[in-house]
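Subject: Structure handover

Hi,

Here is the structure for you to look over. My notes on what turned up follow below it.

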Amino acid sequence: MNQVTPFVERVRESLRTQLLDAAADLLADRGFRGLRMADVAAATGVSRQTVHNEFGTKEALVNAVAAHTVADFLEGVAQRFTDADDVHSGIAAAVRHTLTHATENRLVNAILTGTDAEDLLPLLTTKGRPVLMPAVDLLTELWRPRMPWLPDREIRLLAEAGMRLTVSHLLTPTGTVDEAVATITALMRRLIPEAPDD
């Protein structure tokens with residue numbers, strides 16, 4: 001009987017996280033073209049076959065790294081928005097977290113600055129859907145209870161606009177983080193309709 005126990009599942013999840021972290025470090029140093037499954041295996045002390053068994057292809061590994069990185073960002077966004085007193089201060093805190101964390105995250109910083117990982121830039125631009133849509137989904141869920149007067153479709157549209165503005169400031173900063181936060185928050189304040197008077 002081949003039964004997966006909770007312990008085996010935790011070990012597997014731990015290995016997967018180690019592989020993703022090693023791949024993220026290597027991607028930051030070498031970009032997509034320079035990433036080799038054998039190097040990911042060597043960095044984690046497993047066989048190359050183990051990496052292939054877990055992810056299949058290099059493309060699948062990179063997509064998994066992107067999803068893992070996005071999940072980390074979104075966890076911080078959710079925490080800051082949830083802790084905020086209102087929608088607008090939540091937006092400001094979430095935008096600040098995103099812009100600051102992007103410079104602190106080695107892989108994202110390498111992508112944005114064109115240092116060694118410039119071939120991964122499409123993950124934030126032309127192939128950015130796997131990055132953008134989970135963020136839009138999360139923001140829609142977070143904003144819904146705070147804006148019950150708006151239909152879901154409109155909340156989703158506002159969430160996507162806010163994310164696109166934030167990604168735009170990540171890709172082409174024109175000032176400081178404080179200035180970007182102020183600009184995005186001011187624009188979102190104008191876009192979000194006020195609650196109707198009862």
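A search of the whole structure, which is a predicted model, finds one aromatic pair. Its members are Phe81 and Trp143. Their ring centres are 6.4 Å apart and the planes meet at 35°, so the pair counts as tilted. That class covers angles that are neither under 30 degrees (stacked) nor over 60 (edge-to-face). Phe81 belongs to helix H4, while Trp143 belongs to helix H7 (residues 129-143), so the contact ties together parts 62 residues apart in sequence. Phe81 and Trp143 are both buried.

Phe81 has a further partner. The charged end of Arg146 sits over the Phe81 ring, 5.0 Å from its centre. There is also a charge over Phe32: the charged end of Lys58 sits 4.3 Å from the centre of that ring.

Now the pockets.

The largest one has a volume of about 270 Å³. Its lining holds 16 residues, and those closest to the centre are Leu99, His169, Leu170, Pro173 and Gly175. Helices H5 (87-104), H6 (106-113), H8 (152-171) and H9 (177-191) each give two or more residues to this lining. H9 has the largest share, with four residues. By type, the lining of the largest pocket splits into seven nonpolar, eight polar and one charged. Gly counts as polar in that split.

The second largest pocket holds about 210 Å³ of space. Its lining is Phe32, Glu59, Val62, Asn63, Asp119, Leu120, Pro122, Leu123, Lys127 and Pro130. Here helix H4 (residues 58-83) gives the most, with three residues. The lining of the second largest pocket divides into six nonpolar, one polar and three charged.

Two residues to look at together: Phe32 is part of the second pocket's lining, and Phe32 also carries the charged end of Lys58 over its ring. Helix H4 comes up twice as well. H4 holds Phe81 of the aromatic pair, and H4 is the top contributor to the lining of the second largest pocket.

One annotation to have at hand. UniProt, in an unreviewed entry, places the feature "domain: HTH tetR-type" at residues 13-73. In the model, that stretch is 89% helix and 0% strand. The C-alpha atoms at the ends of residues 13-73 are 19 Å apart.

Best wishes

How values were computed: Residues numbered from 1 in each chain as written. Predicted model: local features only at pLDDT ≥ 70, side-chain atom pairs only at ≥ 80, totals over all residues. Heavy atoms only, no water. UniProt positions renumbered as here; feature names shortened; annotations may be inferred. 1 Å grid on protein atoms, 1.4 Å probe; cavity = no way out; pocket = protein on both sides within 12 Å on 5 of 7 lines; lining within 4 Å. Points joined across faces, edges and corners; volume = space filled by probe spheres on them. Phe/Tyr/Trp six-rings, centres within 6.5 Å; stacked < 30°, edge-to-face > 60°. Buried < 20%, exposed > 50% of the residue type's maximum accessible area, 1.4 Å probe, protein only. Lys NZ or Arg CZ within 6 Å of the ring centre and 35° of its normal.
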